[in-house]
Amino acid sequence: MSNHSINVARLLGRLSELGAIGRDADGRLVRLAASDADREGRDRFVSWIEAAGLEVAVDRIGNIFGIWAPADVTDVQPLMLGSHIDTVIDAGIYDGCYGVLSGLEVIETLKESGFVPTRPIVVAAFTNEEGVRYAPDMMGSLVYAGGLDADAALATIGTDGSKLGDELRRIGYAGDRVPGFLKPHAYIELHIEQGPVLEREGVPLGAVGNLQGISWQRVTIEGDANHAGTTPISMRRDAGHAAARVVIFLRERAKAANTPTVATVGCMEFEPNAINVIPSRATFTVDLRDPDEERLNQEEAALARFLETLSDEEDVTITVERLARFQPVKFDERIVAAIEAAAEARTLPCRRVTSGAGHDAQMIARIAPTAMIFVPSMGGISHNPKESTADDDLIAGANVLLDVVRKMTEEE
């Protein structure tokens with residue numbers, strides 16, 4: 001077992017402190033990207049970076065980096081750790097924040113122990129991972145990895161009509177560094193599982209071997225508004241009914257498949273949205289996920305065929321807009337194995353898992369060897385104020401990250 005351990009009180013205290021930032025009048029945690037609450041959270045994180053004696057850097061998309069670069073290793077590619085600190089609406093306190101604060105804690109622990117790494121170690125907080133205010137999600141890491149032009153991202157219009165670039169300037173986080181200015185030697189992200197597998201099996205750690213592919217689409221169905229009481233069912237062009245058929249199709253298809261495929265309709269709006277008027281328009285999102293690219297392609301094709309048939313059967317017009325499409329990611333085998341070895345050295349049970357959620361790691365995997373560490377989520381709950389992970393599991397995950405980072409930066 002390793003003789004080193006993170007500072008438990010410091011890590012747990014910061015998680016609690018950051019989790020108190022961004023509470024609304026009802027006590028909900030809402031720290032959307034580039035909002036006033038996000039600025040407050042960023043300011044607190046930067047204060048901790050500076051207190052640790054690290055260099056602070058901010059790039060044009062607002063990604064924040066705390067850089068530990070001993071004088072004789074400045075020209076060597078860094079090992080990068082991190083995640084995000086923006087949240088969904090009515091969030092829990094661990095999603096993303098745990099990985100960022102654990103990365104900082106690992107650096108501080110190593111510094112305080114007198115350890116001198118063979119390469120710089122960097123902790124990153126990426127902008128707009130959640131994608132609630134600005135689409136797509138995982139935007140900061142996507143820009144950083146070269147998958148989205150920075151100017152295009154900064155021109156993104158949010159759900160409230162704001163422009164991301166303007167808001168980053170307003171809150172003081174429109175940095176001057178070019179995204180990608182540090183090319184990582186490797187990247188490791190520690191995260192809560194956001195699913196039920198580890199808790200159900202009583203395993204405190206997951207070495208994440210791969211990550212599901214994600215397909216986001218917006219579907220718009222156009223029919224005719226008409227009187228709810230006087231229009232016979234057979235004469236309706238009901239956009240609402242057609243939308244409901246899509247929801248049922250997706251659910252039944254996923255249930256019948258002997259695969260990990262999942263499908264979700266998370267947003268839906270009707271027009272004119274009146275109790276006594278047949279909907280003339282239905283707009284909704286479809287989220288398809290699968291760890292296998294071929295199966296994900298098949299699910300997208302099946303949906304397209306169903307929409308074509310539905311258009312004829314319901315006499316409606318259907319249009320589809322692609323919002324985001326990310327291929328499945330296989331993480332670096334060497335780093336995954338190092339995570340497993342570190343867990344074994346601490347006598348902590350560990351199993352390989354697939355991530356069902358998207359993470360910044362899947363973007364950074366485009367430019368550097370990457371892996372993730374999961375700790376259990378109680379009840380499999382996330383994106384919810386009930387999101388919770390036992391302190392012992394939080395500590396175990398951070399200590400395994402510590403051991404892996406030490407191992408990867410003491411070897412040439």
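This report describes the cores, a central strand pairing, the cavities and some unusual backbone positions of a predicted model.

## Nonpolar cores

The largest nonpolar core has 86 residues. Within this core, the residues that touch the most other members are Phe45, Phe65, Ile188 and Phe331. A second core, separate from the largest, is made of 20 residues, among them Ala242, Ala243, Ala282 and Leu307. In soluble globular proteins, nonpolar side chains tend to be buried together.

Ile188 can be followed further. Apart from neighbours within four places in sequence, Ile188 is in contact with Leu79, Met80, Leu81 and Gly82. The list of its contacts also includes Ile335, Ala371, Ile373, Leu401, Val404 and Met408.

## Strand 5 and its partners

Ile188 is one of the residues of strand 5, which covers residues 186-192. Why is strand 5 described as largely enclosed by the rest of the structure? The reason is that 7 of its 7 residues are buried, each with under 20% relative accessible area.

In a regular strand the side chains alternate between the two faces of the sheet. In strand 5, one side carries Ala186, Ile188, Leu190 and Ile192, and the other carries Tyr187, Glu189 and His191. Both faces are covered, since the residues on each side are all buried.

Strand 5 is joined to two other strands named here. Strand 3, residues 79-83, runs parallel to strand 5 and is connected to it by 3 bridges. Strand 14, residues 370-375, is also parallel to strand 5, and 6 bridges join the pair. Tyr187 has a residue opposite it in each of these strands: methionine 80 and threonine 370 in strand 14.

## Cavities

How many cavities of 30 Å³ or more does the structure hold? There are 2. The largest contains about 50 Å³ of space. Its lining is formed by Asp38, Arg42, Ile64, Ile85, Asp86, Ala125, Phe126, Thr127 and Asn128. By type, this lining has 4 nonpolar, 2 polar and 3 charged residues.

The second largest cavity holds about 30 Å³. The residues that line it are Thr87, Val88, Ala91, Gly92, Asp95, Glu130, His383 and Glu387. Here the division is 2 nonpolar, 3 polar and 3 charged.

## Cis peptide bonds

Most residues other than glycine have a negative phi, and most peptide bonds are trans. The model contains exceptions to both tendencies, beginning with two cis bonds that precede prolines.

Alanine 135 and proline 136 are joined by a cis peptide bond with omega of about 5°. Proline 136 sits in the loop that runs between strand 4 (121-125) and helix 4 (139-144). Glutamate 271 and proline 272 are likewise joined by a cis bond, again with omega of about 5°. Proline 272 is in the loop between strand 9 (268-271) and strand 10 (281-290).

## Positive phi values

Methionine 138 is not a glycine, but its phi is positive, near 55°. This residue is found in the loop between strand 4 and helix 4, where proline 136 also lies. Is methionine 138 buried or exposed? Its relative accessibility is 1%, so methionine 138 counts as buried.

Aspartate 315 also has a positive phi, of about 55°, without being a glycine. Its place is the loop between helix 9 (293-314) and strand 11 (317-326). Because its relative accessibility is 49%, aspartate 315 counts as partly exposed.

Notes
Residues numbered from 1 in each chain as written. Predicted model: local features only at pLDDT ≥ 70, side-chain atom pairs only at ≥ 80, totals over all residues. Heavy atoms only, no water. Core = buried A, V, L, I, M, F, W, Y, C linked by side-chain atoms within 4.5 Å. Buried < 20%, exposed > 50% of the residue type's maximum accessible area, 1.4 Å probe, protein only. Contact = heavy atoms within 4.5 Å. 1 Å grid on protein atoms, 1.4 Å probe; cavity = no way out; pocket = protein on both sides within 12 Å on 5 of 7 lines; lining within 4 Å. Points joined across faces, edges and corners; volume = space filled by probe spheres on them. Nonpolar A, V, L, I, M, F, W, Y, C, P; charged D, E, K, R; others polar. Helix = DSSP H or I, 4+ residues; strand = E, 2+ residues; numbered from the N terminus. Pairing = 2+ DSSP bridges.
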